[in-house]
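Biologist: I am new to this structure and should like to be guided through it. May we take it one question at a time?

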Amino acid sequence: MKHLLIIFHSQSGNTERLVQAACEGAGEERAAVETRVLRAADAGVAELLWADAVLFGTPENFGFMSGALKDFFDRTYYLARGRIRKLPYAVLVSAGNDGTGAVRQIERIARGYPLQKVAEPVIATHGVTEEMRAADPEGFRVAVTEAQLVQARELGQTLAAGLACGIF
Ligand SMILES: Cc1cc2nc3c(=O)[nH]c(=O)nc-3n(C[C@H](O)[C@H](O)[C@H](O)COP(=O)(O)O)c2cc1C
């Protein structure tokens with residue numbers, strides 16, 4: 001059995017929905033790949049050492065990955081050093097209108113960690129403004145489209161299939 005680890009943070013539920021879709025996609029390979037989903041705050045180096053590939057899910061906050069995911073990298077960097085080698089990874093980002101800042105930072109950290117990118121990031125933007133949120137907080141809490149869920153699902157499936165086939 002190969003192991004796919006999904007580490008994510010989500011404040012208002014959008015990244016979480018994308019992660020659920022990715023997990024469903026990975027489930028297509030359940031005969032060969034076990035998938036674990038953990039909030040970044042609950043994940044540590046033990047889970048990283050368990051993993052054969054990792055999917056990171058995060059909202060973009062202030063042009064960065066979420067603080068919780070950054071905290072995961074901060075907490076595990078020294079502990080993982082020398083114990084993981086080019087662990088395959090991919091990124092899933094939920095953002096209001098951008099998302100590239102979060103991806104850039106994760107890719108930069110990945111070079112030194114070291115992690116190896118094996119799929120292009122999925123960035124799901126929703127264009128929900130603070131004014132729209134203020135007018136209808138519940139209505140705009142979760143803003144992920146079906147097309148984005150399909151993309152997230154395909155990303156999860158791609159990672160799991162790559163593991164199952166021994167591509168990475
Ligand atoms: C504190 C804060 C900062 C944010 N900064 C950005 C940003 O820099 N760029 C962007 O595109 N969206 C930004 N957003 C919007 C979120 O990325 C977006 O709503 C995302 O879907 C939230 O994901 P979540 O529901 O998983 O928490 C920000 C939201 C919050 C709460």
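Modeller: Certainly; please bear in mind that this is a predicted model. Let us begin with helix 6, where the buried residues include Gln148, Leu149, Ala152 and Leu155. Further along helix 6, Gly156, Leu159, Ala160, Gly162 and Leu163 are buried as well.

Biologist: Within what arc do the buried residues of helix 6 fall, seen down its axis?

Modeller: In an α-helix there are 3.6 residues a turn, so residues three or four places apart point the same way. The buried residues of helix 6 line one face of the helix, because seen down the axis they fall within an arc of 160 degrees.

Biologist: Which exposed residues does the face of helix 6 turned away from its buried side carry?

Modeller: Exposed means over 50% relative accessible area. On the face turned away from the buried side of helix 6, the exposed residues are Glu146, Ala147 and Cys165.

Biologist: How far apart are the end C-alpha atoms of helix 6?

Modeller: Helix 6 has 20 residues, and at 1.5 Å a residue they should span 28 Å. The model agrees with this expectation, as the end C-alpha atoms of helix 6 are 28 Å apart.

Biologist: Is glutamine 148 buried or exposed?

Modeller: Glutamine 148 lies in helix 6, which covers residues 146-165. A polar atom of its side chain lies 3.0 Å from the backbone nitrogen of threonine 145. Leaving aside neighbours within four places in sequence, glutamine 148 is in contact with Leu18, Ala124, Thr125 and Ala143. Its relative accessibility is 9%, and buried means under 20%, so glutamine 148 counts as buried.

Biologist: Let us turn to the aromatic rings. How are the rings of phenylalanine 56 and phenylalanine 72 arranged?

Modeller: A search of the whole structure finds seven aromatic pairs. In the pair of phenylalanine 56 and phenylalanine 72, the ring centres are 6.4 Å apart and the planes lie at 50 degrees, so the pair is tilted.

Biologist: How many residues apart in sequence are the parts that this pair ties together?

Modeller: Phenylalanine 56 is buried, with a relative accessible area of 1%, and phenylalanine 72 is buried at 0%. Phenylalanine 56 lies in strand 3 (residues 53-61) and phenylalanine 72 in helix 3 (residues 67-80), so the parts tied together are 16 residues apart in sequence.

Biologist: Over which ring does the charged end of arginine 36 sit?

Modeller: The charged end of arginine 36 is 5.2 Å from the centre of the ring in question. That ring belongs to tryptophan 50.

Note on methods: Residues are numbered from 1 along each chain as its sequence is written. This is a predicted model: local features need pLDDT of at least 70, side-chain atom pairs count only at pLDDT 80 or more; totals for chains, interfaces and linings use all residues. Side-chain values use heavy atoms; hydrogens and water are left out. Helices (H or I, at least four residues) and strands (E, at least two) are DSSP runs, numbered from the N terminus. Buried means under 20% relative accessible area, exposed over 50%, partly exposed in between (1.4 Å probe, protein chains only). A polar contact is a pair of N or O atoms within 3.5 Å; within protein, one must be able to donate a hydrogen and the other to accept it, and residues adjacent in sequence count only if both atoms are side-chain atoms. Contact means heavy atoms within 4.5 Å. Rings of Phe, Tyr and Trp (its six-membered ring) pair if their centres lie within 6.5 Å; planes under 30 degrees apart count as stacked, over 60 as edge-to-face and the rest as tilted. A charge sits over a ring if NZ of Lys or CZ of Arg is within 6 Å of the ring centre and within 35 degrees of the ring normal. The expected span of a helix is 1.5 Å times one less than its number of residues. The arc is that of the directions from the helix axis to the C-beta atoms.
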